[in-house]
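The following exercises concern strand pairing. Please study the sequence and the structure before reading each solution.

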Amino acid sequence: MTDIAAPSSPRGAFVMRHPSVLIFLACLAIFTVGVTVLSEGFGIGVLSTSFIKTLGKTLCLCLVALAMDLVWGYCGILSLGHMAFFGLGGYAIGMWLMYARTEMIVVESLSNAPLPPTPEEISDGIASQIFGVVGASDFPPIWGFAHSLPLQLAAVVIVPGILALVFGWLAFRSRVTGVYLSILTQAMTLALSLYLFQNDSGLRGNNGLSGLQNLPGLDSVSQDAVSMWFLWGSALALGLGYVFCAWVVSGKFGSVIRAIRDDEARVRFLGYPVEAFKLLVFTLTAIIAAIAGALYYPQAGIINPAEIAPIASIYLAVWVAIGGRGRLYGAVVGAAFVSLLSTWFTGGQAPDIVIGSFRLQWVDWWTVLLGLSFVLVTLFAPKGLGGLVDLITERRSPDRHGADLGPDMGSLQEREAEK
Amino acid sequence: MRILARFFLATLAICLSLPAHAQNADAPIQQIMQENGALIAESSRRTIGPAIDALAASGLPAAQMLLERWQNKELYLNEETGLFVFGEEVDRDTLRIFAITDGSEIGVVPDDPYDQLRPNSGVRSMIGAALVQFQLNAPDAATRLTALDAIARDAEPSHLTALRAAIDNEPDAGVKAKKERLERLLTIQFAEDDAARIAAIEGFSGDLGVDVRATLNPLVATRLEVSETEPSGADIARTLTPGTDALPRAQAYNLLVEEGLTPPAITASDRRNALIANVENGSVAGIQVADLNTEAARDLAYAELARAGTVEQLATEADVDRALAAHFFFERFIGASPAVAQAAQDALATTEITVGVARFIDLVMDALSLGSIYFLAAIGLAITFGVMRVINMAHGEFIMIGAYTGYVVQLFIPNYTLSIVVALPLAFAVTFAAGVAMERLVIRWLYHRPLETLLATFGISIALQQIAKNIFGTQARPLTAPDWLNGSLVINDIVSISYIRIAILVLALLFLALFLFVMNRTRLGLEVRAVTQNPRMAASMGINPDKINMLTFGLGSGIAGIAGVAIGLYAKVTSEMGQDYIVQSFMTVVVGGVGNIWGTLVGAVLVGSVQKGIEWMTPSNTLAAQTYMILFIILFIQFRPRGIIALKGRAAEA
């Protein structure tokens with residue numbers, strides 16, 4: 001952890017004290033420029049638009065993995081709800097995208113009517129277009145702000161933020177920690193996805209929101225260009241998110257949250273308001289996740305409640321664990337590596353393996369491999385892929401009997417290791 | 001020649017009349033037929049009554065058969081002799097005839113003199129009604145019951161007399177009770193006398209039977225009416241105020257319009273069409289079309305048109321209000337006379353209360369049954385999570401493995417009872433082995449690192465689910481219960497519980513007893529508790545903690561396997577079935593209080609009751625019920641973070 005080990009140099013630019021941030025930003029910049037040059041929209045056209053979208057989506061997943069790393073790797077809260085915040089961000093932006101685009105369609109179809117349409121007629125038309133699939137024709141109250149982009153953008157931050165704040169306050173206040181908290185966040189995620197699955201939830205039930213890849217008013221711009229815009233936006237968000245997270249974990253604040261991870265009780269006895277710190281980190285990361293979701297779903301084009309199901313949050317934990325938690329680049333590398341590999345395997349491109357008469361198809365068996373490799377990583381390589389960096393830099397850390405980082409017995413084992 | 005001809009004719013006459021001679025013209029049944037011959041031959045619905053009554057009242061055993069065959073158009077009249085016979089067409093010109101006295105065959109004859117009686121449907125139904133009394137008095141109790149069922153299904157006024165006549169000499173007490181009950185139901189429907197109907201209605205007050213409610217409901221049928229004066233009279237069910245739930249404004253106003261009391265209110269589309277029809281030179285009534293893009297502008301334009309007389313004056317909101325205020329809306333009983341309707345309404349109200357109580361009992365039983373399913377799913381967790389504090393996210397997959405074991409066993413053993421008997425221990429063995437393997441390979445490296453146990457078992461859960469999907473496919477597999485578990489224990493028309501649910505409840509209680517016995521009364525339980533509390537101390541007392549941990553985890557997993565078979569019997573077996581139970585199971589354990597089996601029991605009942613209670617409040621929406629149930633649990637944990645039955649002292653810190 002290079003960024004932790006450098007508090008002794010008091011002066012100098014932030015990035016100078018944390019070379020890993022600089023390296024990361026450089027890599028991200030090279031990646032973005034490289035993709036732009038190779039793209040169909042602005043370059044020589046080696047990479048297809050759908051692949052550009054996959055890359056853009058991967059950047060968003062890296063951003064949410066960053067948030068997960070902050071809350072889990074650094075603060076020790078294994079949240080199984082961050083993909084729910086991610087999904088809520090997607091729903092918030094999706095509502096505006098769907099409303100605005102449907103409004104344009106409705107206005108266009110009504111423009112040939114003998115009388116100019118009244119606002120009520122337009123609103124009724126949009127509602128019946130959007131909610132026809134769930135057998136409703138009125139706007140539910142939660143769509144009250146859908147006509148306004150600024151308000152929905154605010155909702156991207158506010159709705160998941162408030163949910164995280166309320167849930168976190170309830171959970172941390174009653175000292176729910178460790179696995180109990182994980183199960184509780186999983187229950188929250190399950191409740192949210194079950195709620196959204198209902199047709200009368202006001203968000204089109206299991207149909208979800210669709211057609212999000214079409215930006216209202218920009219029909220003339222091809223998807224080649226739009227996909228690049230989103231890639232740049234996602235890269236920018238990831239870069240800013242990385243710098244922000246690095247800044248959060250580097251100072252005194254970062255020391256406190258790592259201390260909370262290692263031994264919550266001691267930090268409390270030292271006089272720190274542990275609950276407030278945890279609540280702040282939880283809410284902050286929920287907001288980062290929501291922003292990532294708001295960038296992700298316009299590229300994916302569709303969002304439905306299945307995206308919020310608990311399993312998605314578990315996969316998020318898998319990415320961070322495989323990448324190496326407790327280091328920011330680990331989360332990014334893990335999310336990018338595993339999600340791209342998943343796409344490759346489940347996309348049917350990977351060659352089948354033939355064992356005798358048995359034909360192993362990766363589409364079916366990839367999940368098994370992922371689950372088992374997750375077990376192996378947990379058992380034998382708690383540092384994940386990030387541990388490879390330690391091999392290269394020859395950084396030594398105390399031998400913690402395989403237990404690297406965690407809120408539970410980690411500090412105790414560290415003490416034993418040092419004896 | 002004349003002699004020859006006469007002889008020939010005589011022979012012919014003898015031949016023709018032979019069959020007629022074979023029947024006994026003096027038989028009582030034939031006599032009755034002869035007396036009513038004209039009526040029967042005419043066979044008109046208006047006049048046939050006395051003939052059927054005479055037959056029915058004769059009390060002759062042959063009367064029933066005669067009526068039946070008459071109804072089936074098998075009765076023939078010999079026009080020459082005037083006698084009646086049963087006939088069966090052999091071919092176009094010949095008939096096989098039978099005596100109406102006993103149905104014995106007389107012979108095959110030309111059909112020339114025979115005329116088939118074809119009663120029309122009206123007459124046939126009268127015959128049918130007359131037949132009822134024979135069926136009601138049949139010597140065979142099953143026939144009598146069938147007749148009662150037939151009447152109950154499709155009652156007619158004429159059945160009432162027959163039924164009343166058949167009650168007194170009914171030998172079987174059960175059938176008699178049924179007859180009496182049906183008689184009262186028919187009295188309610190068809191009796192002329194209001195007092196008798198009311199007495200019968202009052203006799204049913206609070207009765208839960210669906211048949212009673214089906215009989216009473218038409219009596220309290222009402223019609224919505226409107227008048228300008230305050231309604232009075234006994235047949236007014238209730239008066240209504242427009243704008244309430246019982247009578248929305250729009251419905252009230254529509255009624256006024258239908259009655260012709262007010263002009264119709266304008267709808268947005270009518271107004272739009274009227275405006276479009278009156279566009280002249282790009283403007284309507286002097287307002288530019290381009291400006292008609294608000295409701296107010298359209299109202300104004302329409303009002304202008306109406307003033308000019310171009311369109312019909314239509315009611316505005318204010319007119320609607322005035323019209324509604326000026327009229328009285330009420331419901332009038334149309335199903336029966338006011339006194340009967342009132343009595344029926346009172347009886348239904350009493351029934352409503354009884355139904356409510358029965359529904360509540362049913363709900364409680366549902367909740368208990370759901371609770372027992374959760375308990376069964378959670379009891380394995382109560383061991384691995386509650387006692388060992390190992391968080392096993394693959395627990396749901398062990399349930400799934402158990403269910404699939406049951407499915408595979410049924411593929412090999414077609415007898416359902418035997419296959420379940422084999423499947424239960426086999427499922428235990430399979431999941432026990434899986435649990436032991438998992439403990440040896442993964443979990444023992446991760447004791448005291450619960451978060452990582454959670455992650456690793458998640459990995460296993462994902463892998464197991466996918467493996468099951470790869471082997472068994474995504475569609476649900478059946479796990480069929482033996483016949484003796486099908487059906488349900490019916491207590492009355494509302495309260496019933498299926499045998500499978502009772503079996504699951506019994507199984508859950510058995511496991512509770514097993515758990516208590518193993519933990520508190522056996523050497524293994526003692527050692528498990530010792531190892532959980534202090535492994536080093538236990539080890540120094542000669543207990544092998546590795547072995548104990550392995551066995552305990554295997555036991556918890558094995559019970560999950562058995563739970564899987566039980567749950568598979570009642571739900572479908574899919575690769576994702578474990579996921580449906582895992583969160584609820586953990587919630588059950590956490591709500592109840594970790595480390596206490598009684599807590600798990602209370603937790604399961606609480607979770608089951610809350611879910612059923614919410615389902616009752618929001619019927620037709622089980623997704624919402626699950627959502628609110630989870631929210632309830634999240635809030636519950638706020639107030640009792642350690643569960644309902646919390647461990648105290650040092651044990652709580654373990």
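**Exercise 1.** Determine how many bridges pair S7(B) with strand S10 of chain B, and in which sense the two strands pair.

*Solution.* The model is predicted. Begin with S7(B) and strand S10 (residues 328-333) of chain B: four bridges pair these strands, and the sense is antiparallel. Next, take a single residue: Thr239(B) has Phe330(B) of S10(B) standing opposite.

**Exercise 2.** State the strand order of the open sheet that contains S10 of chain B, and identify its edge strands.

*Solution.* This open sheet consists of three strands of chain B, ordered S6-S10-S7, and its pairing is antiparallel. At the edges are strand S6 (222-227) and strand S7 (236-240) of chain B, each of which pairs on one side only. On average, neighbouring strands of this sheet are turned by 30° against each other, direction ignored.

**Exercise 3.** Explain why strands S4 and S5 of chain B each have one side without a neighbour in their sheet.

*Solution.* First, establish the order: an open, antiparallel sheet in chain B is formed by five strands, arranged S4-S3-S2-S1-S5. Strand S4 (105-110) and strand S5 (114-116) of chain B lie at the edges and have a single partner strand each; therefore one side of each lacks a neighbour in the sheet. Direction ignored, the average turn between neighbouring strands of this sheet is 40°.

**Exercise 4.** Which residue of S2(B) is the bridge partner of Leu77(B)?

*Solution.* Consider the strands: S1 (residues 75-78) and S2 (residues 84-89) of chain B run antiparallel and are joined by three bridges. Within S2(B), the partner of Leu77(B) is Phe84(B).

Conventions:
Residues numbered from 1 in each chain as written. Chains lettered and ligands numbered in written order. Predicted model: local features only at pLDDT ≥ 70, side-chain atom pairs only at ≥ 80, totals over all residues. Pairing = 2+ DSSP bridges. Axes fitted to C-alpha atoms, helices over the stretch in contact; angles between N-to-C directions.
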